[in-house]
Amino acid sequence: MTAARIGPAALAVTACLIAASFFLTRGRAPTPWPDAQLYASIARSLEVDGRGVPSTTWFSPTAVDHIPFYGPVFFTLMSWSFTVFGFSIESSKLPGLLGVLLAGGGTAWLAWSLNSNGLRWLLAVVLVWLTPEIGAASTSGDMETLAVGFQLMALAVLASGLMSPVRWANSGLMAGGFL
């Protein structure tokens, strides 16, 4: 293998290892943060009785439906995760892992849209995935990585459309859909 081929191959292997590590380390923090516990409680309540009142506060006089405030996307994804994989800490972390994959996809698309020469898009993905904010939040069970993933996908769609005079209007609508 020549030196010119080792760099791209090493970069691709690195990206694959990082993506795999997000899934393999989702149990590394066995005690969820308080926000993650609340979010899992809201999603479990949504799965069980269709309301967004956290099961941890059902009997509190201040128990309210959190979905109108936070929006339904994250909690619906988490409740589906509970339905498919069972109610567990690991399944509560899957929407965040989806967000990491969306962030990687949005980064790759954005980098490719701005400069499609070589493997810069793959380098961009590796750099985003290696940031402490994405790495630490990927298995926390919080909604940050999903929000970042949707934002990067929206930015990528918009940038891709703006680079093409034919697709700019459609890209704006699609970007709005991600947001």
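Reader: At what angle do helix α6 and helix α9 pack, and how far apart are their axes?

Author: A word first: this model is predicted. To read a helix pair, take the angle between the axes, then their separation. Here α6 spans residues 94-114 and α9 spans residues 144-162. The two pack at an angle of about 20 degrees. Their axes lie 7 Å apart.

Reader: Is that arrangement of α6 and α9 roughly parallel or roughly antiparallel?

Author: Angles under 35 degrees count as roughly parallel. The angle of about 20 degrees therefore makes α6 roughly parallel to α9.

Reader: Which hand does the crossing of α6 and α9 have?

Author: Handedness is read from the turn of the near helix relative to the far one. For α6 and α9, the crossing is left-handed.

Reader: How do the residues of the contact of α6 with α9 divide by class?

Author: Sort the contact residues into nonpolar, polar and charged. The contact of α6 with α9 has 17 nonpolar and 9 polar residues. No charged residues take part.

Reader: Which residue pairs show me where to look along these helices?

Author: Pick C-alpha pairs that are distant in sequence. L101 is in helix α6. Its C-alpha atom is 7.3 Å from that of G149. Those two residues are 48 apart along the chain. A159 is in helix α9. From A159 to L114 the C-alpha distance is 7.5 Å, with their positions 45 residues apart in sequence.

Reader: Why does A159 count as buried, and why does L101 count as partly exposed?

Author: Compare the relative accessible area with the cut-offs. Buried means under 20%, exposed means over 50%, and partly exposed lies in between. A159 has 13% relative accessibility, so A159 counts as buried. L101 has 38%, so L101 is partly exposed.

Reader: Where is A19 found, and how far is its C-alpha atom from that of V100?

Author: A19 is found in helix α1, residues 3-24. The C-alpha atoms of A19 and V100 are separated by 8.5 Å. Along the chain, the pair is 81 residues apart. A19 has 18% relative accessibility, so A19 counts as buried.

Reader: What about a loop? Where does T57 lie?

Author: The same reading works outside helices. T57 lies in the loop between α2 (34-49) and α3 (67-70). With a relative accessible area of 25%, T57 is partly exposed. T57 and S41 are 16 residues apart along the chain, and their C-alpha atoms are separated by 8.9 Å.

Reader: Now pockets. How much space lies in the largest pocket, and which residues lie nearest its centre?

Author: Start with the volume, then turn to the lining. About 250 Å³ of space lies in the largest pocket. The lining has 13 residues. V73, F74, L146, A147 and F150 lie nearest the centre.

Reader: Which helix gives the most to the lining of the largest pocket?

Author: Helix α9 gives the most, with 4 residues. At least two residues each come from α4 (73-85), α9 and α10 (168-178). So α9 appears twice in this reading: α9 packs with α6, and α9 also lines the largest pocket.

Reader: How does the lining of the largest pocket split by class?

Author: There are 10 nonpolar and 3 polar residues in that lining. No charged residues are in the lining.

Reader: To finish, how many helices and strands does the chain have, and what share of its residues count as buried?

Author: The chain has 10 helices and 0 strands. Of its 179 residues, 39% count as buried.

How values were computed
Residues numbered from 1 in each chain as written. Predicted model: local features only at pLDDT ≥ 70, side-chain atom pairs only at ≥ 80, totals over all residues. Heavy atoms only, no water. Axes fitted to C-alpha atoms, helices over the stretch in contact; angles between N-to-C directions. Parallel < 35°, antiparallel > 145°, perpendicular 65-115°, else oblique. Nonpolar A, V, L, I, M, F, W, Y, C, P; charged D, E, K, R; others polar. 1 Å grid on protein atoms, 1.4 Å probe; cavity = no way out; pocket = protein on both sides within 12 Å on 5 of 7 lines; lining within 4 Å. Points joined across faces, edges and corners; volume = space filled by probe spheres on them. Buried < 20%, exposed > 50% of the residue type's maximum accessible area, 1.4 Å probe, protein only.
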